Structure formats: structure tokens, C-alpha cells
Amino acid sequence: MKTVRCFCAVAVVAALVSPAAQGQEAPKPGPEHEVLKKLEGNWDLVMKFGGGESKGTVTYKMDLGGLWLSGALESELFGAKFQGKSLETYDAAKKKYISVWVDSMGTQPMILEGGYDKDKKTLTLTGEHPGQDGKLAKWKSVSTLADDNTINFSMFVGDDKEPMFTIVYKRKK
């Protein structure tokens, strides 16, 4: 029995390293990833929501071979420490940007996708995620790169014309 397991392990390793398994070239960052790369660095942020305001920081870095922008946000929200993590990339097969967001207020990831308008310097992403009532709702994020040191972000829920919250990011000098 031990010989059979050893043979199977060797066969799996051989299959994984064979030229046929390696036939596909690994993906490389494209020009769309340059949009994300511009966000690398340390940022201060001010979030506004329902008459309230919260300050915090976020750090972005290109990760995983330059294919993903990873972000780590720290702030205070409703008197408690708030943390969030993001991963963003450009999916060449879908021809869309993809964003994954998780935070310390929930256990379900938010996954949004969409496009970048080069002329307006605006990334607009949409998807479905539970709303405040727990029911599935439409979400839309709009990030405008006002300049190399400022990002204006708005998050909309459902068909609301006014954002649920806004964030202004300023690059730390």
C-alpha cells in the first residue's frame, strides 16, 4: 500500500511539472494594471456617512507578481476599531476590473467588477452584496482619481442617487 501511495505522489508531481502542464505562460501585468499601480503608497482618508465622519489610513501595494493591488485600511467607525482589506486586479478574460473587499464588520466578501474610464479617470464597479437589512442589494462604487495624490470614492446602494458614504483619500507626503 505504501508503494502505491508513493507511486501516486510521484505521478502527480511529474504531471504538474511536465511540459504540457507548463505549456501556458503565466499571466503578466498589462497596461490596465498600471492604473492600479498608481495607487501604491500610504494614504490618509476621511470617510463621511449619515452626518458622521471618520478618519483613517490605507496602504496599497502591488502584490502577487504585480497582478493584484492589495490594500489594508484602518479607521474608527461608530466608536470601534475598523479594519478592511482589499484585492483588486484586471481580469483580461472578462476585460473587467475586479475588486474583493472584506472588513471587520462582516464575514461575507463583497465582489464588484466593472471598467475604467480613462478620460474621466474613474473606476466604476458594481455587484450584489447583502444590504443593511441582510437582503441582497445592488452596490456601486465610483473612484475618481482627481490627481496623483487624491482619490474621491463614493459607495451607492440600490438605486440611490446619493452615496451611502464617501471617502476622500490624500496621499501621505
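**Exercise 1. Describe the lining of the second largest pocket by residue class, and then find which elements and residues contribute to it.**

*Solution.* The lining of the second largest pocket, in this predicted model, is made up by class of seven nonpolar, two polar and six charged residues. The space in this second largest pocket comes to about 200 Å³. As a next step, we look at the centre: 15 residues line the second largest pocket, and the closest to its centre are Lys38, Tyr116, Lys121, Leu145 and Asp148. Turning to the elements, those that give two or more residues to this lining are E8 and strand E9, which covers 150-157. Of the elements, E8 gives the most to the lining of the second largest pocket, namely three residues.

**Exercise 2. Work out what volume the largest pocket has, and how its lining residues divide into classes.**

*Solution.* We begin with the volume, which for the largest pocket is about 1100 Å³. The largest pocket is lined by 47 residues, and those closest to its centre are Trp101, Asp103, Met110, Met155 and Phe165. By class, the lining of the largest pocket holds 31 nonpolar, 13 polar and three charged residues. Finally, the element that gives the most to the lining of the largest pocket is E7, with five residues.

**Exercise 3. Trace how strand E7 pairs with E6 and with E8, and describe the turns that link these strands.**

*Solution.* Take E6 and E7 to start with: these strands run antiparallel and are joined by five bridges. Within this pair, glycine 115 stands opposite threonine 124 of E7. The hairpin of E6 and E7 has four residues between the strands, and lysine 121 there takes a positive phi near 50°. On to the next pair, where E7 and strand E8, residues 136-147, are paired in the antiparallel sense over nine bridges. Here threonine 124 stands opposite valine 142 in E8, so that threonine 124 has glycine 115 opposite it in one pairing and valine 142 in the other. E7 and E8 also form a hairpin, this one with five residues between the strands, and glycine 134 in its turn has a positive phi of about 90°.

**Exercise 4. Decide whether lysine 118 is buried or exposed, and do the same for histidine 33.**

*Solution.* We first locate lysine 118, which lies in the loop between strand E6 (110-117) and strand E7 (122-130). Its relative accessibility is 66%, and because a residue over 50% counts as exposed, lysine 118 is exposed. In space, lysine 118 is 10.0 Å from leucine 145, C-alpha to C-alpha, although the two are 27 residues apart in sequence. Histidine 33, by contrast, is placed in helix H2, residues 31-37. Its relative accessibility is 5%, and because a residue under 20% counts as buried, histidine 33 is buried. Leaving aside residues up to four places away in sequence, histidine 33 touches Met62, Gly66, Leu67, Thr89 and Tyr90.

**Exercise 5. State how many helices and strands the protein chain has, and what share of its residues counts as buried.**

*Solution.* The secondary structure of the protein chain comes to two helices and ten strands, and along the sequence these follow the pattern α-α-β-β-β-β-β-β-β-β-β-β. The protein chain has 173 residues, of which 32% count as buried. Its accessible surface is about 11500 Å², and 57% of that surface belongs to carbon and sulfur atoms. As a last step we consider contacts between residues at least 6 apart in sequence, of which 27% join residues at least 24 apart.

Conventions: Residues numbered from 1 in each chain as written. Predicted model: local features only at pLDDT ≥ 70, side-chain atom pairs only at ≥ 80, totals over all residues. Heavy atoms only, no water. Buried < 20%, exposed > 50% of the residue type's maximum accessible area, 1.4 Å probe, protein only. Pairing = 2+ DSSP bridges. 1 Å grid on protein atoms, 1.4 Å probe; cavity = no way out; pocket = protein on both sides within 12 Å on 5 of 7 lines; lining within 4 Å. Points joined across faces, edges and corners; volume = space filled by probe spheres on them. Nonpolar A, V, L, I, M, F, W, Y, C, P; charged D, E, K, R; others polar. Contact = heavy atoms within 4.5 Å. Areas by Shrake-Rupley, 256 points an atom, 1.4 Å probe, with all protein chains shown as cover.
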